Amino acid sequence: MAEMGSKGVTAGKIASNVQKKLTRAQEKVLQKLGKADETKDEQFEQCVQNFNKQLTEGTRLQKDLRTYLASVKAMHEASKKLNECLQEVYEPDWPGRDEANKIAENNDLLWMDYHQKLVDQALLTMDTYLGQFPDIKSRIAKRGRKLVDYDSARHHYESLQTAKKKDEAKIAKAEEELIKAQKVFEEMNVDLQEELPSLWNSRVGFYVNTFQSIAGLEENFHKEMSKLNQNLNDVLVSLEKQHGSNTFTVKAQPSDSPPAKGNKSPSPPPDGSPAATPEIRVNHEPEPASAATPGAALPKSPSQLRKGPPVPPPPKHTPSKEVKHEQILSLFDDTFVPEISVTTPSQPAEASEVAGGTHPAAGAQEPGETAASEAASSSLPAVVVETFSATVNGTVEGGSGAGRLDLPPGFMFKVQAQHDYTATDTDELQLKAGDVVLVIPFQNPEEQDEGWLMGVKESDWNQHKELEKCRGVFPENFTERVQ
C-alpha cells in the first residue's frame, strides 16, 4: 500500500508537470502571436542586461588573469634555466661563486612566492566572485518561466469571468491558481530585484581590490628582483677586475694554403739574449709546420693532404638549386639518396662518392658516360622535388574534405554538460554531466529565452539524424563550450 501511495504521488507530479508544460507552451505561442498580453518589467530587464554584461566582463578578466599567471610561470622556468646555466659555467676558482649560487636560489624563491601570492590574492578571489553568477542566472531563467505561468493563470481566470455561462466552481478554482502563481512569481521577483542591483554595484569594489593586489605584488616583486640583479652585477664586476688583465689566446683556424712569407717565426738574436715576446695577432693563417713538428716539410698543394678520393665542392650560393638539393636530402634522408659522381680536371674519376659512404669504381669512365652521369645527377633533384610537390599537394587536396563531420543544419558550436539537468518541459533536453550537445539556432529567434540554447545531444543525432525528435532547449550555464 505504501508503494502504491508513493507511486500515486509520483504519477500525480508527472501529470501536473506535463500539464504545466503544455499550458506554458500554449501561453508562449499566444503571446508571440499577440493574442495574449505579456507582463513586462522594464526595470528588471535593465537589471538583467547589467547582469549579463557583468558576467561577460568577469569571465574575460578571469581568462586574462589565468593567462598572466601562466606567463609568470613560464618566466620563472626561463629564469631558473638561465641561472642554472650560470652556475654550470662559473668555474670553482673564480671569485664570488658562492654568492652567485646564493643569488640564483633567492631568485627562484622570489619567483615562486610571487606566483603563489598572485594565486591567493587574485585568482581565488576571482573564482569566488564568479561563483555566484550561475545560481543567479538559473533563478532569472526560472523567474521567466514563473512569469509565463502567472500570465497563463491570469488569462484563464479572465476568460472564465467573461464567459456567457459562468461556472462559479471553475472561477473559484482559477482564482485560487492565479493567487498561487502570483505569489510564487512575486517571491522570486522581489528577491532578484534586490540582489541584481547590489551585485551590479559590487563590481567596482571587486575590480579595485583585484588590480590593487596585482599592482602591489608586482611592485614588491620587481623591487626585490632589482636588488638580486644588482648583487649579481657586483659579483660579475669583481670577476672582471681579477681576470681582466689576463690574455686569452685565440688560435688560428687551419687552412690548405701555405703561410705568407712575412709571417715567418722570428729567429733568436745572435748575441744569445732571450728573444722578445712577439705581439699576438689573430688571423686566419696557420702557423708554420716547423713550429709544430720540427723537420716536417710543407705540402706542395692541398690535394696531397687527402688520402681518399676528392670530396665534392661545397654547394654554390645559387638559391634555386641549393634549396632544392637540401630539401631532397632532408625529405628523403633514409629512403632515397641520389648518387653524385664528382671528377676534377687534375685526377681521373677513380671512385664515386655517395652520401653516407664511398664505393670504388670499376674503371675510368668514357667521356660520354661522364657527361650522361653529370646530366643525370644535376637533373634528378629537380624531378624529385617536382614529383614530391605534386604528391604532397595531391595528398593535401585530396584529404581536405575527407574529415568533414556530418553535423545538423545550422550547427554553430559544441558544448559539454558540466552538471546534471532534469528537464521540466517537453521542449527541454535531459542532460547528464559529460553529455556533448550540438548547438543550433532557434527556428524563430524571438522564441529564445535569456540564458537558454537550442541544441541536440551528439549521441541522439548520431543515432537518429532527425532534429524534430532530438532537439530541445537547455540552460547555457549548465554547460561549457568545447568547440
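These legends accompany several close-up views of a predicted model.

**View 1. Helix H2 meets helix H4.**
Let's start with H2, which spans residues 42-89, and H4, which spans residues 133-161. Their axes come within 12 Å and cross at roughly 150°. An angle over 145 degrees counts as roughly antiparallel, and H2 and H4 are therefore roughly antiparallel to each other. The crossing in which H2 passes H4 is left-handed. On the H2 side, the contact is made by Phe 44, Val 48, Phe 51, Gln 54 and Leu 55. H4 answers with Phe 133, Ile 136, Lys 137, Ile 140 and Arg 143. If you sort the residues of this H2 and H4 contact by character, you get 7 nonpolar, 1 polar and 2 charged.

**View 2. Helix H4 meets helix H5.**
Stay with H4 and look at its contact with H5, the helix of residues 168-243. The axes of H4 and H5 come within 8 Å, crossing at roughly 150°. That angle makes H4 roughly antiparallel to H5. Here, too, the crossing is left-handed, with H4 passing H5. The contact of H4 with H5 involves 18 nonpolar, 4 polar and 11 charged residues.

**View 3. Asn 107 and its surroundings.**
This view zooms in on Asn 107, a residue of helix H3, which covers residues 97-130. Is Asn 107 buried or exposed? Its relative accessible area is 8%; since buried means under 20%, Asn 107 is buried. Leaving aside residues up to four places away in sequence, Asn 107 touches Ser 79, Asn 83, Met 225 and Leu 228.

**View 4. An open sheet of 5 strands.**
Next comes the sheet, which is open and has its 5 strands in the order S6-S5-S4-S3-S7. The pairing in this sheet is antiparallel. Which strands stand at the edges? They are S6 and S7; each has a single partner strand, so one side of each is left without a neighbour in the sheet. Direction ignored, neighbouring strands of the sheet are turned by 50° against each other on average.

**View 5. Strand S3 between S4 and S7.**
Within the sheet order, S3 sits between S4 and S7. S3 runs over residues 413-417 and is mostly covered, with 4 of its 5 residues buried. Towards S4 (residues 436-440), S3 pairs in the antiparallel sense over 4 bridges. One pair to look for in the model is Lys 414 with its bridge partner Leu 438 in S4. Towards S7 (residues 479-481), S3 again pairs in the antiparallel sense, over 3 bridges. Here Val 415 has Arg 481 of S7 as its bridge partner, while Gln 416 stands opposite Glu 480 in S7.

**View 6. Edge strand S6 and its partner S5.**
The last view turns to S6 (residues 472-475), a strand covered on both faces. In a regular strand the side chains alternate between the two faces of the sheet. In S6, Gly 472 and Phe 474 lie on one side, with Val 473 and Pro 475 on the other, and all are buried. S6 pairs with S5 (residues 452-457) in the antiparallel sense over 4 bridges. Among the residues that join S5 and S6, Met 454 has Val 473 of S6 as its bridge partner.

Note on methods
Residues are numbered from 1 along each chain as its sequence is written. This is a predicted model: local features need pLDDT of at least 70, side-chain atom pairs count only at pLDDT 80 or more; totals for chains, interfaces and linings use all residues. Side-chain values use heavy atoms; hydrogens and water are left out. Axes are lines fitted to C-alpha atoms, for helices over the stretch in contact, and angles run from 0 to 180 degrees between N-to-C directions. Helices (H or I, at least four residues) and strands (E, at least two) are DSSP runs, numbered from the N terminus. Angles under 35 degrees count as roughly parallel, over 145 as roughly antiparallel, 65 to 115 as roughly perpendicular and the rest as oblique. A crossing is left-handed if the near helix is turned anticlockwise from the far one by less than a right angle, and right-handed if clockwise. Contact means heavy atoms within 4.5 Å. Ala, Val, Leu, Ile, Met, Phe, Trp, Tyr, Cys and Pro count as nonpolar, Asp, Glu, Lys and Arg as charged, and the others, Gly among them, as polar. Buried means under 20% relative accessible area, exposed over 50%, partly exposed in between (1.4 Å probe, protein chains only). Two strands pair if DSSP finds at least two bridges between them.
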